Amino acid sequence: MVGFGILLGVIVIVGIFLIATYNGLVSRRNRIKEALVAIDVYLQNRYDALTQIAEVVVSYATHERETLAQVTSLRAGLRNQAPSAEKIKQYVEVDRALSSINFQAEAYPEIKANENYLHLQRTINELEEKLSASRRSYNSNVAGYNTAIQSIPTNMVAGMFGFREESLLEIAQEKKAEVDLRNILGR
């Protein structure tokens, strides 16, 4: 009878451990998803603001209309996707297209003095700060989650229930390189 009680106690303790570990991993994974959605929201807001800047610039530089059409097309495709790391990578393509428009504004002093343009630039700066904070939060959540699923004894529970390592968001190499405005502006 005593042996049965000890066995039952061990089973209960192991069961509690499994449930607590599983729930902890699910909680960490959900925080990663939440951080990814926040990044998506800030990226969408940023691209809305950048598109508005593009429209202001296009009114001064008609040859940029093709770039604006490309950006609009890319954005339309992104709106219909669920938040994911792949979607964030696609935002890089939109960012490249918009960079030429944003730098084109430098050639038009009257744009830079435009109140709408200045307001949009401030909005973009605020969104960039929020986006940066969201990326840090996402990467922090991913690092904590990955550490948890790789640590003993949690790794055994993670393996049993199919928890897989998540990827950190990294800055593309071309974003780390020094920007040469002469190449961007075609000068």
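## Exercises on a predicted model

In this predicted model, confidence across the chain is lowest in helix α8 (residues 181-185), with a mean of 39, and highest in helix α6 (residues 154-160), with 95.

**Exercise 1.** Determine over which residues pLDDT stays under 50, and state how such a part should be read.

*Solution.* Begin with the chain: its mean pLDDT is 77, and 58% of its residues reach 70 or more. Next, locate the stretch, which is residues 176-187. For this stretch the model has 11 contacts beyond four places in sequence. Finally, apply the general rule: where pLDDT is low, the predicted coordinates should not be read in detail.

**Exercise 2.** Decide whether Ser134 and Thr21 are buried or exposed.

*Solution.* Ser134 belongs to helix α5 (residues 115-150). Its relative accessibility is 8%, so Ser134 counts as buried, the cut-off being under 20%. Beyond four places in sequence, Ser134 touches Ala38, Ile39 and Tyr42.
Thr21 lies in helix α1 (residues 2-60). Thr21 counts as buried because its relative accessibility is 11%. Apart from residues up to four places away in sequence, Thr21 touches Thr154 and Val157.

**Exercise 3.** Describe the largest nonpolar core and identify which helix gives the most to it.

*Solution.* First, count the members: this core has 22 residues. Those with the most contacts inside the core are Leu25, Ile39, Tyr138, Ile149 and Phe163. Second, consider the helices: α1 and α5 each supply at least two residues, and α1 gives the most, with 11 residues. Third, examine Tyr138: setting aside neighbours within four places in sequence, its contacts include Ile32, Ala35, Leu36 and Ile39, as well as Glu166, Ser167 and Leu169.

Notes:
Residues are numbered from 1 along each chain as its sequence is written. This is a predicted model: local features need pLDDT of at least 70, side-chain atom pairs count only at pLDDT 80 or more; totals for chains, interfaces and linings use all residues. Side-chain values use heavy atoms; hydrogens and water are left out. pLDDT is the predictor's confidence in each residue, from 0 to 100. Helices (H or I, at least four residues) and strands (E, at least two) are DSSP runs, numbered from the N terminus. Contact means heavy atoms within 4.5 Å. Buried means under 20% relative accessible area, exposed over 50%, partly exposed in between (1.4 Å probe, protein chains only). A nonpolar core is a set of buried Ala, Val, Leu, Ile, Met, Phe, Trp, Tyr and Cys residues joined through side-chain atoms within 4.5 Å.
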